Every structure is written in C-alpha cells, then in structure tokens.
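Please open the structure in your viewer and keep the selection tool at hand, since this tour moves from one selection to the next.

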Amino acid sequence: MPEGHTIHRIARQFSANFVGRRASVTSPQGRFAVGAAELDGQQMTDARAVGKHLLLQFGGDWLHVHLGIYGAWDFSGEIRSDASLYLVGGKASEHTAAGADGENEDSLHSIGAPRKSRVRMGERETGAALTTWPPEPVGQVRARILTETTLADLRGPTVCEVIDDDGVTALIQRLGPDPLAPFETHAQAQRRFVDRLRRSRQPVGQLLMDQSVVAGIGNIYRAEMLFRARMSPHRPGAKVTVEEAESLWRDWVRLLKIGVETGLMLTMSGLRGKAKQDAIDNREDRHWVYKREGLPCRVCGTAVSLETMQQRKLYWCPSCQQ
DNA sequence: CGGTCATGCGGAG
DNA sequence: TCCGCCTGACCGG
C-alpha cells in the first residue's frame, strides 16, 4: 500500500542492483507469462518512478507496474540497500539518520560491501537469511526478475504489463507532476500543479488524490498535508490562493524527499527527542490526523473527524482546518 | 484461526 | 458505482 515515496525507493533498488544486467524474466504464477517472455533475456537499461508507477526499461520495451493496494516487491540476493542509495539531492535531510532504520530495519545495514540479504518493499521492508539460491517463489509471484546475483519478485500488483515508448509517453502525459521525475523543471512542475488545482471547483481533498493533478500523493499524505496547511479538505481548488497552492507543492516536495530517504511517512517534522523517536517507532504516533478519528487533535484538542470522500477515508480536524 | 480492512487502481456495467 | 485484485497486519475469540 505504497504512496509515491515507496515507488521511488523501489526504482532506486532496481537502479542499483539490476540496471545494466541481463535478466531472466518469468511469471511463476503464470498470469504474466506472455509479457515475461517478451522481456526474458534482455538487459535492464533503466528504472524510474513516476508518481506511483514503476517503469523498468528493457531496450525498447518497458515493464509497467502499479502495486495498487497490496502489491509488493521482494528483493533478495546480493542487494545493495544502504541509506546513501535513497539520498535525494546529495545531502541528507535531518530525518535520514534517525529514520533510515524504520521499516527496513533488518535489511542491510551493510553500508559498503554488499551481502546476502532480503528486502521487502511495498508493504514494508523486512529481511531474512537466504538458504537456497534462487529461492522458491512464495505465494503468487506475478513476475520474477533474476540476474546472476539478484532477484526481484512481484506479487499482487494492479498493473503489470509490457508497453513501448509511446505507452510510456501516454502514461506520463496523463499524470500530474512528480517532484522527483525528471521530465520538467521544478518551476514547471510547480506551475502545472498550481494551475491545475486552482482551475478546479472540486474539493482540494479530492484534488490532492487525483493523480492527474499531482502524481504520488495517497490517502495518508493527503490527510497530513491538508492538516499541515491547516486547510479544509472541502475547500474548492478555485478558492485556494496561489500562495497556498505553492505552499502545498513545496510541502509535498519536502515530504516526498523525507519519505524516499527514510522509507517512512514522517509527516510531523520538527519533532525532537522522544516524540521524534516515537514517531519513527510507532505508526500511531506518526501522524497529525490520519487514522486518529475521534481522538483529540494534537494541536487544538477537537475530536478528529472521519468521513468518506470518493470512497476513501478522509481524516481532518474541523477546527484547525478552515 | 477466521474476519476485516488497507498507503489504489483498472475495468465492467 | 461497484468489483477484482487475492496480500498481510491486526484484532477478537
């Protein structure tokens, strides 16, 4: 159940451990047998994330994967997965050191030499010692990508298909800006988001979840961003000022960066000491409003509201967010 | 151990 | 507007 930060982490895993290598591609489960055969034996030439979409290039073919609500990748073998892999920009944010061992606690702390390891990404990242190589598929493995030393198993995706360059172009075209996708300048991306948001009369809570407005935000980041902005999810996009919209964009850039670097959706930045550690250790201490319905708002004490918007749960503080 | 629910989408109708 | 996906965390008995 990943939001955009997870897909960027997965893309970085592929970049570090699969790109430039010839791969065997199969579908142990069988449902992707035809597509797998098209890719089998080719070299992986690129790996990138756009919003919640993963794109793995094999020459002129692209493997397009969307994890949906419970898809996940299992990585195993000689996987390099140290914190530096996830640095956005070159300089670690203040959150990296403290948060880097959150969900991927047993995955490889081997900063330096690669070692046998197993990393789960998507739901969470865990590790376990390997005994045989390659390991038997566990459960329904839709796609298996195997190099001489590394393995990635895909399970439960919503989308797993082979597309061509035109398909990639079409996909990118229907998606809103992603701060970490290099298809436009930062200024262009921000302008695209601001214009699209303010041109709509739909509620901003709905617009932030709309992947054609901004790619990568999901239900948790949506709720948390609106609280951080003290903005009601029901405010029409057209009633959001330019300054407010730009501020929302900048906040998303910041949260996404923290998410990629730490693997955690740390939305209460600025915490120190015990509160900060609690946010890293326990999900229930991690958010302002998400999954806190009925509990007192951390700022004003008003009970956090829960309602349904577009079939998704929306959490917000009716007092703080206007 | 069974039931519920979830960080989400595509497609049927 | 609802269903499928068919995993895995969590919770109550």
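How many bridges join strand S10 (residues 305-309) to strand S11 (residues 312-316)? As you look, bear in mind that this is a predicted model. Select both strands and you will find that they run antiparallel and are joined by five bridges. Within this pair, pick out Ser305, which stands opposite Trp316 in S11. Then move to the turn of the hairpin, where two residues lie between S10 and S11 and where Gln310 takes a positive phi near 55°.

Next, turn to the sheet. Select S2, S3, S4 and S9, four strands which form an open sheet in the order S2-S3-S4-S9, with antiparallel pairing. Strand S2 (46-50) and strand S9 (159-163) are at the edges and have a single partner strand each, so one side of each is left without a neighbour in the sheet. If you look along the sheet, the twist from one strand to the next averages 20°. In general, the strands of a sheet pair through backbone hydrogen bonds, and they may do this in a parallel or an antiparallel way.

Stay with the sheet and highlight strand S4 (residues 61-66) together with S9, since these two strands run antiparallel and are joined by five bridges. One residue to label here is His66, whose bridge partner in S9 is Val159. Now add helix H1 (residues 4-17), which packs on the sheet by touching S2 and strand S3 (53-58), and whose direction makes about 175° with that of S2. Add helix H4 (residues 165-174) as well, which also packs on the sheet, touching S2, S3, S4 and S9, with its direction at about 160° to that of S3.

From the sheet, follow H1 to its contact with H8, where the two helices pack at an angle of about 45° and their axes are 8 Å apart. That angle makes H1 oblique to H8, and H1 passes H8 in a right-handed crossing. To see the contact itself, select Gly4, His5, His8, Arg9 and Arg12 in H1, which meet Leu256, Gly259, Val260, Glu261 and Thr262 in H8. Colouring by class shows two nonpolar, five polar and three charged residues in the contact of H1 with H8.

Keep helix H8 (residues 242-262) in view and select helix H5 (residues 186-198), which packs with H8 at an angle of about 125°, the axes being 9 Å apart. H5 and H8 are therefore oblique to each other, and their crossing is right-handed. Among the residues that meet here are Phe193 and Leu197 in H5, and Leu248 and Trp249 in H8. By class, the contact of H5 with H8 has nine nonpolar, two polar and three charged residues.

Which aromatic rings should you look for at this contact? Show the side chains of Phe193 and Trp249, whose ring centres are 5.5 Å apart and whose planes are at 35°, so the pair is tilted. This pair links distant parts of the chain, as Phe193 in helix H5 and Trp249 in helix H8 are 56 residues apart.

For the last stop, select helix H7 (residues 219-228), which packs with H8 at an angle of about 130°, with the axes 11 Å apart. This makes H7 oblique to H8, and the crossing of H7 and H8 is right-handed. Label Tyr221, Met225 and Arg228 in H7, which meet residues of H8 including Trp252 and Leu255. The contact of H7 with H8 has five nonpolar, one polar and three charged residues by class.

Note on methods: Residues are numbered from 1 along each chain as its sequence is written. Chains are lettered from A and ligands numbered from 1 in the order in which they are written. This is a predicted model: local features need pLDDT of at least 70, side-chain atom pairs count only at pLDDT 80 or more; totals for chains, interfaces and linings use all residues. Side-chain values use heavy atoms; hydrogens and water are left out. Two strands pair if DSSP finds at least two bridges between them. Axes are lines fitted to C-alpha atoms, for helices over the stretch in contact, and angles run from 0 to 180 degrees between N-to-C directions. Contact means heavy atoms within 4.5 Å. Angles under 35 degrees count as roughly parallel, over 145 as roughly antiparallel, 65 to 115 as roughly perpendicular and the rest as oblique. A crossing is left-handed if the near helix is turned anticlockwise from the far one by less than a right angle, and right-handed if clockwise. Ala, Val, Leu, Ile, Met, Phe, Trp, Tyr, Cys and Pro count as nonpolar, Asp, Glu, Lys and Arg as charged, and the others, Gly among them, as polar. Rings of Phe, Tyr and Trp (its six-membered ring) pair if their centres lie within 6.5 Å; planes under 30 degrees apart count as stacked, over 60 as edge-to-face and the rest as tilted.
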